[in-house]
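Me: I should like to learn how to read helix packing and strand pairing in a model of this kind. Could we proceed feature by feature?

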Amino acid sequence: MHHEAPAGIILLGFVCGVAATFVHPQTCAVAFLLIAVLSLRVPQAARFAFALACGIAISTHAAHLRDRENRAVVDDTQFVTVTAPLDHDWTLKNTLRVSRFCVASASGTRHPELASRMPDAGCRIPNTQPLTIYARFAPPPIAMHTTVRAEGFLRRSDRGAWSLTLKSERLLSYSGELRWFDPQRWNRALTARIEPLATEHPTEVALIEALALGRGERLSDDVRASFRRGGTYHLLVFSGLQIALAAATLAWLLRWLHAPRASDWLLLVFAILAPLFIGPTASVSRASIAIALYAISRIAKRPTSLENLWCVAALVRLVIAPADIADCAFHLTYAGAGALLFIARRRPWWIAPVAAELVIVPLTLFHFHQYAIGGSVMTLIMTPLIFAMLIASALVLVFPGAIVAITILHRICTFLNDLGAHASGFYSAPPVWVLICGGVAALAAIALMKKRALALVVIALLCLATVLRPIHHRDTEITALDVGQGDSIVVRADDKVLLVDGGPKPDGLVPLLVDRGIHRIDVVALSHAHPDHCGGLPSVIENL
């Protein structure tokens with residue numbers, strides 16, 4: 001094993017075990033057999049086998065709990081009463097995303113586990129999966145409340161996502177109140193402080209909330225779509241970038257004051273408080289785990305390499321949340337960082353964007369059916385500007401007049417991002433088995449080889465070959481697309497395509513079409529001009 005990442009073999013075994021349970025058992029079983037045979041030649045075979053068994057055990061337990069939660073909810077009535085913690089705010093489209101929820105049962109028996117965690121919820125059947133609440137009205141502000149109670153139609157999509165539809169404001173209520181020392185209360189207080197500025201500067205206030213407070217719900221669809229086309233949308237979302245920059249600034253300040261030990265302890269405290277202040281989102285949790293592990297290694301006087309820290313951080317996150325093995329943010333975060341650490345480090349500067357592109361583009365095609373060639377280059381160029389915008393956002397919280405700097409920086413970032421958007425587009429996604437084989441090959445290269453770039457080139461070639469495969473449909477085929485609260489139907493016959501309705505989301509339909517090999521629409525029909533039927537049509541007409 002290469003000396004830079006001794007934890008690589010453990011991560012490889014754990015990932016194989018989790019993937020075999022969550023992603024595609026048959027394909028992963030074949031890959032596991034091949035890797036197991038190869039691992040017998042190395043002294044770390046026992047570590048690999050132990051990590052594999054742990055991955056299978058943990059992911060199997062998580063899958064069992066998820067299936068039990070789904071069965072418990074499905075067996076109940078479809079019009080239900082749901083309570084959930086308020087860890088996000090309402091978006092501009094009157095949607096609210098909660099990290100977990102629970103449903104009142106008909107029997108009226110109270111679930112003891114939820115009673116201790118959410119005493120004001122009144123819930124009976126718990127579910128630890130996310131839920132999206134759609135309101136047909138303008139919901140009241142959440143203020144300092146802790147729990148939301150909603151009555152509506154609960155549904156589960158084909159992809160396993162839960163959603164609830166609210167048709168009346170009388171079916172929505174809040175309860176509980178954040179305590180004065182709760183970091184979430186500080187976050188909402190700062191949000192309320194800049195709320196009056198939103199009347200004249202809605203875009204700037206949305207950027208401040210997203211960059212400095214981790215509340216990206218106010219970002220408009222135009223801003224999201226623009227930065228996604230340029231491959232730089234991740235810069236606008238509070239994630240590891242902001243946490244890493246803040247942590248590095250604190251560490252540098254204390255070391256400049258000749259207090260290195262205090263710096264290490266401050267990093268550890270910062271890693272604990274950041275998720276409490278922003279919210280336990282996946283990206284914030286991943287960055288906090290990495291910073292905490294780095295601080296602990298320094299406090300314990302057991303320094304480690306960045307490569308080994310990457311492996312351990314990924315392993316710890318998967319132990320906590322094994323379902324992240326199929327999460328797009330997890331893939332993009334660790335794939336991008338891994339490309340920079342294992343390929344571009346200690347090499348010429350131009351290797352970094354090339355390595356990042358080789359790894360990121362197949363993943364963005366798989367998850368979003370969209371590529372943005374040059375997104376990594378634009379990320380490097382725009383990162384200093386985003387950092388300046390982050391500092392200006394902090395100043396606006398104290399001096400509201402500093403919002404002019406946000407306007408100027410946003411215009412510069414938009415101009416640069418539009419330059420990169422010319423190299424973006426939509427295409428079909430590579431199959432799951434290709435990404436599984438490529439990911440396992442990359443981890444094997446990290447754990448067992450020195451020429452890691454060879455495995456990543458193989459990944460790029462496999463994904464490119466699958467993306468460019470031709471897709472023809474000569475028989476008549478009718479497909480009802482899952483667009484959420486709306487309708488969209490595709491009819492194909494002899495390579496001709498008819499689209500009926502476009503669903504509610506401006507950017508939600510094009511990926512579903514290109515994933516089915518559709519890159520040109522011959523006829524578009526609209527049944528009636530309601531938002532849940534025509535919202536996605538402008539994007540389809542523009543791109544296809």
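Reply: Let us begin with a pair of helices; please bear in mind that the model is predicted. An angle over 145 degrees counts as roughly antiparallel, and helix 5 and helix 6 are therefore roughly antiparallel to each other. Helix 5 (residues 183-194) packs against helix 6 (residues 202-213) at an angle of about 160 degrees, and their axes are 11 Å apart.

Me: Which residues of helix 5 and helix 6 meet, and what is the hand of the crossing?

Reply: The crossing of helix 5 past helix 6 is right-handed. From helix 5, Asn187, Leu190, Thr191 and Ile194 meet Val205, Ile208, Glu209 and Leu213 of helix 6. By character, the residues of this contact comprise five nonpolar, two polar and one charged.

Me: How should I read helix 14 and helix 15: at what angle do they pack, and how far apart are their axes?

Reply: The angle between helix 14 (residues 375-396) and helix 15 (residues 403-421) is about 165 degrees, with the axes 9 Å apart. The same cut-off of 145 degrees applies, so helix 14 is roughly antiparallel to helix 15. Here the crossing is left-handed. Helix 14 contributes residues including Met378, Leu385, Met389 and Val396, while helix 15 contributes, among them, Ile406, Leu409, Cys413 and Leu416. The contact of helix 14 with helix 15 divides into 17 nonpolar residues, four polar and no charged.

Me: Turning to strands, with which strands does strand 1 pair, and in what sense?

Reply: A general point helps first: side chains in a regular strand alternate between the two faces of the sheet. In this structure, strand 1 pairs with strand 6 (residues 147-156) in the antiparallel sense over seven bridges, and valine 80 stands opposite glycine 152 in strand 6. Strand 1 also pairs with strand 3 (residues 101-103), again antiparallel, over two bridges; there threonine 83 faces cysteine 102.

Me: Why is strand 1 described as largely enclosed?

Reply: Residues under 20% relative accessible area count as buried. Six of the seven residues of strand 1 (residues 79-85) are buried, so the rest of the structure largely encloses this strand.

Me: What is the strand order in the open sheet of four strands, and which strands form its edges?

Reply: The order is 11-12-13-14, with mixed pairing. Strand 11 (477-480) and strand 14 (523-525) are the edge strands, each pairing on one side only. On average, neighbouring strands of this sheet are turned by 15 degrees against each other, direction ignored. Strand 11 runs antiparallel to strand 12 (residues 489-493), joined by four bridges, and isoleucine 478 stands opposite valine 491 in strand 12.

Terms used:
Residues numbered from 1 in each chain as written. Predicted model: local features only at pLDDT ≥ 70, side-chain atom pairs only at ≥ 80, totals over all residues. Heavy atoms only, no water. Buried < 20%, exposed > 50% of the residue type's maximum accessible area, 1.4 Å probe, protein only. Pairing = 2+ DSSP bridges. Axes fitted to C-alpha atoms, helices over the stretch in contact; angles between N-to-C directions. Parallel < 35°, antiparallel > 145°, perpendicular 65-115°, else oblique. Left-handed = near helix turned anticlockwise from the far one by under 90°. Contact = heavy atoms within 4.5 Å. Nonpolar A, V, L, I, M, F, W, Y, C, P; charged D, E, K, R; others polar.
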